[in-house]
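Biologist: I would like to go through this model label by label. Please set each value against its definition before you conclude.

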Amino acid sequence: MNIDDLTKILHENKLSCVILKKDGSLIQCHRRGVIDLFELLRDVPATLNGATIADKVVGRGAAALMVLGKITRLHTDVLSRPALELLQQAEIETTYDTLAENIINRTGDDICPVEKLTSQAQTAQEALPLIEQFIKNMTKQNMK
């Protein structure tokens, strides 16, 4: 299965992300944002190691998680410049349809909160605790 096949699955099934693991099995992600990647990295880190990913939107936070997970290939519809820099530093083969200065939030009036939050992190490792805290805060808000 190649990246074009993954991208087709991504769009036909209206997924947020499709991961082709080294063993040839697929993981389909449905939730928006970085939560699926974060949980995979936290709970089953070997899942991402050597994987190929097709994604709709990749900002700096998602890129940091992919770098930490040691993926080898990414294609995304939209990629931010800060994300591209992280992926290039990690030598991850990356293709995209649109390169944006930043990922915009869901309301369209500001930069994505995870992109903004991780902007000062120098490395993917520095971004991880910031993403973790963001997800904890979001989970608390959703439980109210």
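Biologist: Where is E91 found?

Modeller: E91 is found in the loop between α4 and β5. Helices here are DSSP runs of H or I with at least four residues, strands are runs of E with at least two, and both are numbered from the N terminus. This is a predicted model, in which local features need pLDDT of at least 70 and side-chain atom pairs count only at pLDDT 80 or more, while totals for chains, interfaces and linings use all residues. Residues are numbered from 1 along each chain as its sequence is written, and side-chain values use heavy atoms, leaving out hydrogens and water.

Biologist: Does E91 count as buried or exposed, and by what value?

Modeller: Buried is under 20% relative accessible area, exposed is over 50%, and partly exposed is in between, with a 1.4 Å probe and protein chains only. E91 has 73% relative accessibility, so it counts as exposed.

Biologist: What is the phi of E91?

Modeller: Phi of E91 is positive, about 60°, although E91 is not a glycine. Most residues other than glycine have a negative phi. K14 also has a positive phi, near 50°. K14 lies in the loop between α1 and β1 (17–20), and at 67% relative accessibility it counts as exposed.

Biologist: Why are K8 and E12 called a salt bridge?

Modeller: The term requires a side-chain nitrogen of Lys or Arg within 4 Å of a carboxyl oxygen of Asp or Glu. For K8 and E12 the N to O distance is 3.9 Å, so the pair meets the definition. The two are four residues apart in helix α1 (residues 3–12), and therefore separated by about one helical turn. E12 is exposed, at 55%.

Biologist: How many salt bridges does the structure hold?

Modeller: Seven. One of them joins E93 and R73, whose closest N and O atoms are 3.2 Å apart. That pair links distant parts of the chain, with E93 in strand β5 (residues 93–100), R73 in strand β4 (residues 73–80), and their positions 20 residues apart. E93 is partly exposed at 48% relative accessibility, whereas R73 is buried at 14%. D110 and K116 meet at 2.5 Å, N to O. D110 is partly exposed at 34%, and K116 is partly exposed at 42%. R31, D36 and E39 are joined into one network by salt bridges that share partners.

Biologist: What is the order of the strands in the sheet?

Modeller: The sheet is open, with five strands in the order β2-β1-β3-β4-β5 and mixed pairing. Two strands pair if DSSP finds at least two bridges between them.

Biologist: What makes β2 and β5 edge strands?

Modeller: β2 (26–29) and β5 each pair on one side only. Inside the sheet, strand β3 (residues 52–58) and β4 run parallel and are joined by six bridges; six meets the minimum of two, so the strands count as paired. V57 has V78 in β4 as its bridge partner.

Biologist: Which strands does helix α4 touch?

Modeller: Helix α4 (residues 81–89) packs on the sheet and touches β3, β4 and β5, and its direction makes about 155° with that of β4. Contact is heavy atoms within 4.5 Å; axes are lines fitted to C-alpha atoms, for helices over the stretch in contact, and angles run from 0 to 180 degrees between N-to-C directions. In α4, P82, A83, L84, L86 and L87 are buried.

Biologist: How do you know whether H75 is buried or exposed?

Modeller: H75 is at 11% relative accessibility and therefore counts as buried. H75 is placed in strand β4. Beyond its neighbours within four places in sequence, H75 is in contact with residues including I3, T7, I53 and D97.

Biologist: What joins the side chains of H75 and D97?

Modeller: A polar contact of 3.5 Å. The term takes a pair of N or O atoms within 3.5 Å; within protein, one must be able to donate a hydrogen and the other to accept it, and residues adjacent in sequence count only if both atoms are side-chain atoms.

Biologist: How does the radius of gyration of the protein stand against that of a compact globule?

Modeller: The radius is taken over C-alpha atoms, and the globule rule is 2.2 Å times the number of residues to the power 0.38. With 144 residues the rule gives a value near 15 Å, and the protein has 14 Å, which agrees. Buried residues make up 45% of the 144.
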